[in-house]
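Here's a quick walk through one strand and its surroundings, plus a look at the empty space inside. Have the viewer open and follow along.

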Amino acid sequence: MPPSRPPHPPEPWHLRGDMRAALWLVPRYGLPPWPLPEGARAVSLAGRTPLITFWVDYGDGGDLAYRELLVAVVVRQGAGLAATAVQVWVDDERSLAGGRHLWAIPKEPAAFDFRPLPPDPSPRRGVRTTMTVEAAGRREPDAVALCRDLLRLPLRLPVRAHLLQPRADGTTCRVPLRLTGRPSLSRIRTRVHPEGPLAYLTGHRPVAAVSLADFRFRIGPAVTSGEVTAP
């Protein structure tokens, strides 16, 4: 018998695709009590917490192909800044299993619809894309987003960052991220279901947005605090 396929690829993952990211400043009193890693605290700017939403279409050519909506809180641990993924939806079982097992990312199943809109009559309006997510078990979209790419920058932007994810045993998983892609300044408008898991975004708009086309993304390998390593 052929060997059974692993439930997910081993780390690090190498992925490719297109991404739309938006920065939000949301009053902290209206946010859910998300668990954060030991020693980390959410950044506060005049009583508002920075959140970043990522709508991602991972395409062919990488370890997996799937779609994702990820919400991350900007956190501070010591003198450094990082992010903690607090809500994530994907439409691929292997991505869901790998995200939970390898990096303690709380992925949940969902259905997505990403589609480009007809070209705008004005060439200065840019490329438009609509994106919809519907979590498993719901009958209405939890969020619908319209992204308009306004200005493409003539470069490939390199980004290095990391996630800090709390594990159930109290340790912290540090996940390095390396990304390069062709950036565009963008505008994103999002409508959320008032009784859905993104209801805290109701009445708010992103303060900045960027798209990354044709990106190359490396996730991991992770390091967990408290691990004993071989000499």
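C173 stands opposite T224 in strand 12. That's one spot where strand 10 meets strand 12 (residues 223-224), and the two pair in the antiparallel sense over two bridges. Bear in mind that this is a predicted model.

Strand 10 covers residues 172-192, and several other strands pair with it. Here's the rundown:

| Partner of strand 10 | Residues | Sense | Bridges |
|---|---|---|---|
| Strand 8 | 143-152 | antiparallel | nine |
| Strand 9 | 157-166 | antiparallel | ten |
| Strand 11 | 208-219 | antiparallel | eight |
| Strand 12 | 223-224 | antiparallel | two |

Now for some individual contacts. Which residue stands opposite L177 in strand 11? I219 does, and it sits in a strand that pairs with strand 10 over eight bridges. On the strand 9 side, L157 stands opposite G181 of strand 10. Strands 9 and 10 also make a hairpin, with five residues between the strands. In that hairpin, G170 takes a positive phi near 90 degrees, so to speak a detail to check on your Ramachandran plot. Over towards strand 8, A145 has T190 of strand 10 as its bridge partner.

Let's move to the surface. L185 is another residue of strand 10. Is L185 buried or exposed? L185 counts as partly exposed, because its relative accessible area is 41%, which falls between the 20% and 50% cut-offs. L185 joins L150 and L151 in a nonpolar patch on the surface. Together, the three leucines have about 250 Å² of accessible area. Residues 143-152 make up strand 8, which takes in L150 and L151 of the patch.

What about empty space on the inside? Rolling a probe the size of a water molecule over the atoms shows where such space is left. A search of the whole structure finds one cavity of 30 Å³ or more, and the largest cavity has a volume of about 60 Å³. Its lining is made up of W24, T53, W55, L69, V71, T190, L198 and L201. Two elements give two or more residues to that lining: strand 3 (48-58) and strand 4 (66-77).

T190 ties the two parts of this report together. T190 is the bridge partner of A145, and T190 also lines the largest cavity.

How values were computed
Residues are numbered from 1 along each chain as its sequence is written. This is a predicted model: local features need pLDDT of at least 70, side-chain atom pairs count only at pLDDT 80 or more; totals for chains, interfaces and linings use all residues. Side-chain values use heavy atoms; hydrogens and water are left out. Patches are made of residues with over 30% relative accessible area and no salt bridge: like charges are joined within 9 Å, nonpolar side chains (Val, Leu, Ile, Met, Phe, Trp, Tyr) within 5 Å. Accessible areas come from the Shrake-Rupley method with a 1.4 Å probe; for residues, only the protein chains shown count as cover. A salt bridge is a side-chain nitrogen of Lys or Arg within 4 Å of a carboxyl oxygen of Asp or Glu. Helices (H or I, at least four residues) and strands (E, at least two) are DSSP runs, numbered from the N terminus. Buried means under 20% relative accessible area, exposed over 50%, partly exposed in between (1.4 Å probe, protein chains only). Two strands pair if DSSP finds at least two bridges between them. On a 1 Å grid over the protein atoms alone, a cavity is a set of points where a 1.4 Å probe fits but cannot get out, and a pocket is an open set with protein on both sides within 12 Å along at least five of seven lines; lining residues have an atom within 4 Å of a point. Grid points are joined across faces, edges and corners, and a volume is the space filled by probe spheres set on the points.
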